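Colleague: Hello! I am just starting to read protein models, and I would love a close look at one part of this one.

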Amino acid sequence: MPGIGVIGCGTVGATLVAALAARVEEFTGPGELVLVDRPEGRWRGRAYQRDTEAVLANGPMFGMSLYLNDPEHGVRWAEARGLAVHPDERGVHRFLSRPVYGDYLEDGVEEALDKLRAAGWRVRSVEERATGVERDGDGVVIRHASGGVRVDRAVLCVGGRADDDAYGLRGTPGYIDDPYPLRDALAEVAEDAEIAVIGSGMIATDVLMALRAFGHRGRVTLASRSGLLPSVRRKAARVRPAVLTAERLAELPKPLWLADIAALAREEVEAAGGDFDAIAADLLDPAPAEERLRRQLDDSLSDDIGTQLLQRAVVDIGQDLWLALHDSDKEQVLRTLHARLWSFASPIPRSTAVKLVELCDEKRLRVRAGIETVERDGDGYLVRYEGGEADRADLVVNAVTSVYRPEPPSAGGLLGLARTSGVLADHPHGGIRVDEETGRALTASGQADDHLFVLGELTRGAYYFVSAVASFTRRADEIAASLAALPEPAVRDAALSTP
């Protein structure tokens, strides 16, 4: 009976449990699944906690199924509860709130665990955070506060908060280091407070929507290096890329250069009658944030599907394109294109964009680029920009997600000894080195480990696009397939639990 340990039971861990259940018949027999994490917020992760309903999931339900090969699973769950998830009569996507999507994750995991139990698997829960992971002969020992548990194979699914304290403000009065849960962090903010939000991406828009719902009436400034808001999601269109496909990519000589990918993208868009030059201009030389927001909102109901094709290609083969990209061009993306690429690839709901425009119209929102420093100034803060300009704020909210972001705090101690002993190795672009085909962890000597796998945020250096549920489900399915294909472990006399 194989023992499989899941280290980290957030959204990433949820996709792994679902993938194991989907492939349960491929295992040679029933096993034991050991779930290691604190009980708080299990399966919801940071993004889908029980929080304000004002913040929406970032994708429509048909793209956020827990099951790779059952894309309608989430839609069926929502329909059974009378939730509207299909586009409206104009083709505008409908979105669940973040907490409701978290309900789906919880229910989906329970369904998967029931399927495993029905197949004879034992499911055991260790309701403590993992503090260490060690290799032990033909197994893995997962350490936690009250002891440890030995399994045959383990999957690191650690996620959670990974934001930078870029300006050393942690612990200072009036500085909100982590805005989640939003209802706890922001609900008591004074109605007329002047707020600076460091960052202008997805977390920043969450903060804005929550403040608006909580009745805040003061001005909010989103201050970031790029000054870019997420792009606006266009209306629903059933698109299937014909050029940017796994099959076409497999035929091309490797490595690819950014120019090669741009040529494929041009071919894709122009074959559908779209304007690739306009899309490229918005990506490479975007207009100021408010102007761009208004234009994209106006264009969001257009019949031009070029943008949707490219965004779909990111979901389908974005990780494969990154793997095929020359290392020097990967560095260029990380240095100069990251914010623009993520703005394009992670669009916000149209309804959120409408609210942002309303905030701009009411002079309650502005977006500024070129942030340089944030410092304490009397009983408030001073935000300084390139060129010497500055804003004063009563409160500062950290919404930074840097391309070179640190690991989640829960991962640091957990992985420390494993790094020191060579069980795990750092990836030059962040996170942990893995075998890119199977998700196996690579040792310091570069060998793939059949007993230790890595999924989610910790693989960002290898795959780059690791924030969407669809990217988790794909890699979770690959790991589940690898686990099912491995030989049955030798029978041990020792019990799984260790002191």
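How are α1 and α15 placed relative to each other?

Modeller: Happy to help! Please keep in mind that this is a predicted model, in which local features need pLDDT of at least 70 and side-chain atom pairs count only at pLDDT 80 or more, while totals for chains, interfaces and linings use all residues. Residues are numbered from 1 along each chain as its sequence is written, and side-chain values use heavy atoms, with hydrogens and water left out.

Now to your pair. The axes of α1 and α15 cross at roughly 45 degrees and come within 8 Å. An axis here is a line fitted to C-alpha atoms, for helices over the stretch in contact, and angles run from 0 to 180 degrees between N-to-C directions. The helices themselves are DSSP runs of H or I with at least four residues, strands are runs of E with at least two, and both are numbered from the N terminus. With that angle, α1 and α15 are therefore oblique to each other; under 35 degrees counts as roughly parallel, over 145 as roughly antiparallel, 65 to 115 as roughly perpendicular, and the rest as oblique. The crossing of α1 and α15 is right-handed, a label used if the near helix is turned clockwise from the far one by less than a right angle, with left-handed for anticlockwise.

Which residues meet? On the α1 side they are Thr11, Val12, Thr15, Leu16, Ala19 and Leu20, and on the α15 side Val469, Phe472, Thr473, Ala476, Asp477, Ile479, Ala480 and Leu483. Contact means heavy atoms within 4.5 Å. Sorted by class, this contact of α1 with α15 has 10 nonpolar, 3 polar and 1 charged residues. For these classes, Ala, Val, Leu, Ile, Met, Phe, Trp, Tyr, Cys and Pro count as nonpolar, Asp, Glu, Lys and Arg as charged, and the others, Gly among them, as polar.

Let's look at α1 itself, which covers residues 11-22. The 12 residues of α1 should span 16 Å at 1.5 Å a residue, and its end C-alpha atoms, 17 Å apart, agree with that; the expected span is 1.5 Å times one less than the number of residues. Of those 12 residues, 11 are buried, so α1 is largely enclosed by the rest of the structure. Buried means under 20% relative accessible area, exposed over 50%, and partly exposed in between, using a 1.4 Å probe and protein chains only. Among the buried residues of α1 are Gly13, Ala14, Val17, Ala18 and Ala21. The partners that the buried residues of α1 pack against are β1 (3-7), β2 (32-36), α3 (98-118), β7 (153-156) and α15 (469-485).

Threonine 11, found in helix α1, is a nice residue to click on. Threonine 11 has a relative accessible area of 10% and is buried. Apart from neighbours within four places in sequence, threonine 11 is in contact with Trp43, Arg44, Gly45, Tyr48, Leu105, Val469 and Phe472. Glycine 10 sits in the loop between β1 and α1. With a relative accessibility of 17%, glycine 10 counts as buried, and, again leaving aside neighbours within four places in sequence, its contacts are Asp37, Trp43 and Gly45.

Over in helix α15 you will find alanine 484, which counts as buried at 8% relative accessibility. Not counting residues up to four places away in sequence, alanine 484 touches Glu26 and Phe27. Alanine 484 and threonine 28 are 456 residues apart in sequence, yet 7.5 Å apart in space, C-alpha to C-alpha.

Finally, consider α3, one of the elements packed against α1. The 21 residues of α3 should span 30 Å at 1.5 Å a residue, which agrees with the 30 Å between its end C-alpha atoms. Buried residues of α3 include Arg98, Tyr101, Leu105 and Val109. These buried residues of α3 pack against α1, β2, α2 (73-80), β3 (122-126), α5 and α15. After α3 comes glycine 120, whose phi is positive, near 100 degrees.
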